[in-house]
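Me: Please take a close look at a single helix in this structure and at the parts of the fold that surround it. I would like one connected account.

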Amino acid sequence: MKILLPTSTAGSLPKPSWLAQPETLWSPWKLQDEELIEGKQDALRLSLEDQQRAGIDIVSDGEQTRQHFVTTFIEHLSGVDFEKRQTVRIRNRYDASVPTVVGAVTRQKPVFVEDARFLRQLTKQPIKWALPGPMTMIDTLYDSHYKSREKLAWEFAKILNQEARELEAAGVDIIQFDEPAFNVFFDEVNDWGIAALERAIEGLKCETAVHICYGYGIKANTDWKKTLGSEWRQYEEAFPKLQTSNIDIISLECHNSHVPMDLLELIRGKKVMVGAIDVATNTIETPEEVANTLRKALRFVDADKLYPSTNCGMAPLSRRVATGKLNALSAGAEIIRRELAAK
Ligand SMILES: [Zn+2]
């Protein structure tokens, strides 16, 4: 990356109200068939423009073509029956009715590759594409076929690798895997979670990232956060192994969170996407607040490896708030760039 402190978002951005109900997760589409395809592309264009106007350096599709960051990917695979539902506990946090794995999971056709090509032809800026990580995928399903979380994760890793290779060929610069489950299942993360992630990135020449957060700003997550006490040390569990992994970039929740910043020392040498925007509040950060979080991170991350970002996706926020937060992110990064240049 030529620019110092390149900004990006963790992933999703709000959808326009003519496409889907705003400020809602799993919001149903308001259009159908051809109109839906066109509507998604229009929304992607708008989302890109919002990012560009705010001065975001590494842009994304804002996840405008997906209903949910995990479900939409799984919907495109075979072996999962969405009619057959079971109630399971997601990330040990809340119950949800989820689809059932009924046979071998396979990817018959590309999932997001067309969308990535569409985004690629709209901009020359670096683009980042988010996919769910294998461990987070298995956590949203009931498995009556493999009957092993590890085996299912491994199968998903192979599928994700197929998709990732095609995204790379479509011109994606950074492929990001969302693994909020890494903050919950510590033994599994170290036993096979990181290995499955490395299987997913096998053979890729583009950059790769893993996003580990404390979730969207929805009630189940904010309630859970209240139980975590004053110091959130969850990252400590996965960091040592991630530091020695092949993943290039680690995307984290830092702003307004109780994560002790010195934990970043454990991944020294990796590029770090530092969450400097809180997605669980409608209060728009001031540039100085963003800059403050970045300054703290700079004590543990070398300046050329620091990527200012958001704590998580902003899909559940209003467009006005999300745009304000994008502007604050850019302005905050600029403050630090000037400080570094003056040194
Ligand atoms: Zn997240």
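Reply: In this predicted model, helix α5 has 21 residues and reaches 30 Å from its first C-alpha to its last, close to the 30 Å expected at 1.5 Å a residue. The helix covers residues 149-169, and Gly 171, which follows α5, has a positive phi near 105°.

The buried residues of α5 include the nonpolar Leu 152, Ala 153, Phe 156, Ala 157, Ile 159, Leu 160, Ala 164 and Leu 167. Glu 155, Glu 163 and Glu 168 are buried in this helix as well.

The largest nonpolar core holds 98 residues, and Phe 156 is among those that touch the most other members, together with Trp 129, Val 172, Ile 250, Val 272, Val 274 and Leu 294. Helix α5 supplies the largest share of this core, eight residues. Val 172, leaving aside its neighbours within four places in sequence, is in contact with Leu 167, Ala 116, Ile 127, Trp 129 and Cys 206.

The model also holds an open sheet of six strands, in which the pairing is parallel and the order is β3-β5-β6-β7-β8-β9. Because β3 (128-132) and β9 (306-309) each have a single partner strand, they stand at the edges, and one side of each is left without a neighbour in the sheet. From one strand to the next, the twist averages 25°. At the β9 edge, strand β8 (residues 271-275) pairs with β9 in the parallel sense over four bridges. Gly 275 has Ser 309 as its bridge partner in β9.

How values were computed. Residues are numbered from 1 along each chain as its sequence is written. This is a predicted model: local features need pLDDT of at least 70, side-chain atom pairs count only at pLDDT 80 or more; totals for chains, interfaces and linings use all residues. A nonpolar core is a set of buried Ala, Val, Leu, Ile, Met, Phe, Trp, Tyr and Cys residues joined through C-beta atoms within 7 Å. A residue is buried if 20 or more other C-beta atoms lie within 10 Å of its own, exposed if 12 or fewer, and partly exposed in between; C-beta atoms are placed from the backbone. Helices (H or I, at least four residues) and strands (E, at least two) are DSSP runs, numbered from the N terminus. Two residues are in contact if their C-beta atoms, placed from the backbone, lie within 7 Å. The expected span of a helix is 1.5 Å times one less than its number of residues. Two strands pair if DSSP finds at least two bridges between them. Axes are lines fitted to C-alpha atoms, for helices over the stretch in contact, and angles run from 0 to 180 degrees between N-to-C directions.
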